[in-house]
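Trainee: Could you take me slowly through one part of this model? I'd like a close look at the ligand site, and then at whatever else helps me place it.

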Amino acid sequence: MTHRLRLILPLAILTLMVCAALRTEGPPLANGQDLTPPSELALLMREMAAHADSVRAGLSRNDKKLPPYPAGVKTLLTATPTKDMHIDPITYPTFGKDYQAKVDALYKAARKDRASAYNALVQSCANCHTTHCPGPMMRIKKMYVKVGG
Ligand code: HEC
């Protein structure tokens, strides 16, 4: 082993160890998939999904009140999507406005009609997701509640 290698090798190993340590102690990576932070639109979607989940939880508890109105949805048509995500200029705004209208309808619905209004909202998520970003469809399909009975 040359003199120089003897110096560089331990340094290289040390650097690798530090990187490994930083990786495990660093902030959790989104499913370990990529290092780029989620887009504005992806963050909004998480907020919308969390909102829908809490509406559903409230329905199953027969809560008097709905969770707070999801104020972020007004930015649905303007939030920046993930780079290279295809956003169709005709259908996306149509689906987006439909979703916003379904949120409004839910907040205006009589308490007995909330479950149907909620299902219409989930249907609106599904409508957009059949043409845009089909990944979350499995999750969305499980979000419907039983009405009546
Ligand atoms: C108008 C179209 C549209 C509507 C309505 C819509 N989505 Fe999305 N959704 C998208 C697009 C486009 C993306 C990809 C966003 C990105 O990566 O920037 C996305 C991404 C997502 C994601 C992945 C977010 C992430 O962490 O990367 C989830 C989960 C999701 N949507 C759930 C929902 C749910 C639940 C609803 C209804 C409450 C909904 N979506 C309504 C278009 C829509």
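Mentor: Let's start with burial: 27% of the 149 residues in the protein are buried, where buried is under 20% relative accessible area, exposed is over 50% and partly exposed is in between (1.4 Å probe, protein chains only). Keep in mind that this is a predicted model, with local features needing pLDDT of at least 70 and side-chain atom pairs pLDDT 80 or more, while totals for chains, interfaces and linings use all residues. Numbering starts from 1 along each chain, and side-chain values use heavy atoms, without hydrogens or water.

For the overall layout, picture five helices and zero strands, which read α-α-α-α-α along the sequence. Helices here are DSSP runs (H or I) of at least four residues, strands (E) of at least two, numbered from the N terminus. If you take the contacts with a separation of 6 or more, 68% of them join residues 24 or more positions apart; contact means heavy atoms within 4.5 Å.

Now the ligand itself. Its iron atom has two protein donors, Met-45 through SD and His-129 through NE2, at 2.0 to 2.3 Å. Donors are N, O and S atoms within 2.8 Å of the metal. Met-45 sits in helix α2 (residues 40–60) and His-129 in helix α4 (residues 114–131), so the pair ties together distant parts of the chain, 84 residues apart. Their surroundings don't match: Met-45 is partly exposed because its relative accessible area is 26%, whereas His-129 counts as buried because its value is 11%. Six donor atoms make up the iron site, with angles of 86 to 179 degrees among them, and the site is octahedral (opposite donors over 155 degrees apart, all others between 65 and 115).

Step back from the iron and you find 23 residues around the ligand, each with a heavy atom within 4 Å of it. Met-45, Thr-82, Cys-125, Cys-128 and His-129 are the closest. As for who supplies this shell, α2, α3 (91–108) and α4 each give at least two residues, and α2 gives the most, with six.

The ligand's oxygen atoms are worth a look too. Ser-39 has a side-chain N or O atom 2.6 Å from one ligand oxygen atom. For Arg-46, a polar side-chain atom comes to 2.5 Å from an oxygen atom of the ligand, and Thr-82 likewise has a polar side-chain atom 2.5 Å from a ligand oxygen atom.

Helix α2 holds another residue to click on, His-51. His-51 is buried because its relative accessible area is 7%. The side chain of His-51 makes a polar contact with that of Tyr-107 at 2.8 Å (N or O atoms within 3.5 Å, one able to donate a hydrogen and the other to accept it). Leaving out residues up to four places away in sequence, His-51 touches Pro-67, Pro-68, Pro-70, Leu-106 and Tyr-107.

Last stop, the loop between α2 and α3. Asn-62 is found there, and Asp-84 lies in that loop as well. Most residues other than glycine have a negative phi. Asn-62, though, has a positive phi near 60 degrees, and for Asp-84 phi is near 70 degrees, also positive. Asn-62 is exposed because its relative accessible area is 57%, and Asp-84 is exposed because its value is 72%.

Note on methods: Donors = N, O, S within 2.8 Å, 3.2 Å for Na, K, Ca; no water. Tetrahedral: all angles 85-135°; square planar, octahedral: opposite > 155°, others 65-115°.
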